[in-house]
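Biologist: I would like to learn how the features of a protein model are read, one at a time. Could you take me through them slowly?

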Amino acid sequence: MKVSVDSNVCQGHTLCAMTAPDLFVLSDEDGHASAVGGDVPPNREAAAREAARTCPEQAVVLS
Amino acid sequence: MSIDQVNPAPAGDDARRQPRIDVDRHSTVWRTEFRTLSDDLPANAPIAWNETYGGYWMVTGNKEVFDIVRRADVLSNDNDIHFERNGYDGIQIPPPPREQRVVRGGILEMDPPEQRYYRNVMNPYLSPAAVARWQPVMDELVRACLDDHIESGRIDFVDDLANIVPAVLTMAMLGLPLEDWVVYCEPSHATVYTHPDSPEIVRVRELQNQMGMRAMQSIAQLRTDPRPGLIDGLIKADISGHSPDDMEVLSQVTLLIGGGFDTTTALTAHALEWLSENPDQRERLVREWEELRDSATEEFLRYYTPAPGDGRTFSADVEIDGKQFKEGERLWVGWATSNRDPGLFEDPHEIKLDRKGNRHSSFGLGIHRCIGSNVARATFKTMLKGALDRMPDFVCDPAGAVHYDTTGTINGMKHLPATFTPGKRLGPGVTETVAGLQRIVDEQRLAEPVTARKQARLTD
């Protein structure tokens, strides 16, 4: 599984990083999120799904 | 020629503006019947034409809120107080009378690209990384508020804690004198809860005027004698080749104060009241604080939704979710009802401290997401933890708790007295602490944007 954040949709709610701080990094300047990158470790796939489900803007993309 | 041919609009509009409801959000019914309304409206009339206040679209269902409010291409937040653009009325329904609108509500009553330029200026003061630097100051303020009352065994969680911490912190972040929090505090809350027909309104307007004049004096002073903070950032901002004048700076300051004070107070008071009424859940929150801190905060945000909704104006004709909207029509977006949608939230009327997938919209959705959300969360958590740690057996007095009569603007509380087993003071009270923090804020230039100063520094 790969995870990414659609930067056109993210508005900086920060819930993804709150849910899975190891998978997302927030910009110092505006708090908008991006994925740390690479494959999601198998034991973190549930956390990635949870982050996607929680995002108010539905900006977290799983593939 | 029949009347219909002369003026066909009403028939067409009547057909389009369905279903019709008659719900006065500024009456007590909206608060007392909220649970019933939040079951009924999203299920049966998620997008409805509300006939009150001249008529407006009211969207209450979660899916519909999500689909509509993120359409910044067809919605306007503009409060065009001088009729320079389309004459739109901003985010309040009903809007205040034109003669009372001195400034618009900052970026919340602006559209892009102007809104984005200002937001980019303010973000580096309010991002998670920027806010984290203020944690030692928040801790110190909470300690001082609690110390003023810890020996007596009595506190009013609104007047003595939840009103003070956000107010002083906001002063510090803006770059205003910290002690001025008293000038801004009362009018910021009283403006929200005082009914325009109440005799009290005269005094509230007077306090509001004093607040506005003090802010203008401070902005002028900061131009000649710069100090770090949001106001300094706004004064020096390049808004597409234009430098904001004092009134434009005041507009943003008004939003940051108006948006930051009453909302955080409301959330904190409601959470403390609920924890007093649910001692088993309080024990659990104390015991599992590290595990539950974030999920509990998001759950209180969802359940108590401090700002129940916001207005918009359609800036173009558009069809969304099968409804035809026309340019110029008003829209009210119900965050609070959306937050109780059973399709998205299991047992929506229950507070579950460990709720997962809490996709609430209490900070709004889309480009106008509350810019102070990170400050709100951090101050809330600090106040809650302080009360739980130092007054662990507090009991709120239901007879003394005063909720706002109406929740059309903010779901707030005026007073929340509580008693607890007295404890020991740890340091000076609020007045002395605020004076000490002022020196630290100045010496260490704490209010710089995160782009200039990344690390938190300890207070002395």
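Modeller: We shall go from the fold of one chain to a few strands and a residue of the other.
This is a predicted model, in which local features need pLDDT of at least 70 and side-chain atom pairs count only at pLDDT 80 or more, while totals for chains, interfaces and linings use all residues. Residues are numbered from 1 along each chain as its sequence is written, chains are lettered from A and ligands numbered from 1 in the order in which they are written, and side-chain values use heavy atoms, with hydrogens and water left out.

Biologist: Which pattern does chain A follow along the sequence?

Modeller: Helices (H or I, at least four residues) and strands (E, at least two) are DSSP runs, numbered from the N terminus. Chain A has 2 helices and 4 strands, and their pattern along the sequence is β-α-β-β-α-β. Its radius of gyration, taken over C-alpha atoms, is 10 Å, close to the 11 Å that the globule rule (2.2 Å times the number of residues to the power 0.38) gives for 63 residues, so chain A is as compact as a globular protein of that length.

Biologist: How many of the residues in chain A, as a percentage, are buried?

Modeller: Buried means under 20% relative accessible area, exposed over 50%, and partly exposed in between, with a 1.4 Å probe and protein chains only. In chain A, buried residues make up 46% of the 63 residues.

Biologist: How many bridges join the paired strands of chain B?

Modeller: Two strands pair if DSSP finds at least two bridges between them. In chain B, strand E1 (residues 20-21) runs parallel to E2(B), with 2 bridges joining them, and Ile21(B) stands opposite Asn50(B). E2(B) also pairs with strand E3 (residues 56-59) in the antiparallel sense, over 4 bridges, and here Asn50(B) stands opposite Tyr56(B). E2(B) and E3(B) form a hairpin with 5 residues between them, and in the turn Tyr53(B) has a positive phi of about 50°.

Biologist: Which way do the residues of E2(B) point?

Modeller: Ile47(B) and Trp49(B) point one way from strand E2 (residues 47-50), whereas Ala48(B) and Asn50(B) point the other way, and all are buried.

Biologist: Is Ser76(B) buried or exposed, and which residues does Ser76(B) touch?

Modeller: Ser76(B), in strand E4 (residues 75-76) of chain B, counts as buried because its relative accessibility is 2%. Contact means heavy atoms within 4.5 Å; leaving aside residues up to four places away in sequence, Ser76(B) touches Tyr88(B), Asp111(B), Arg312(B), Thr313(B) and Ser315(B).
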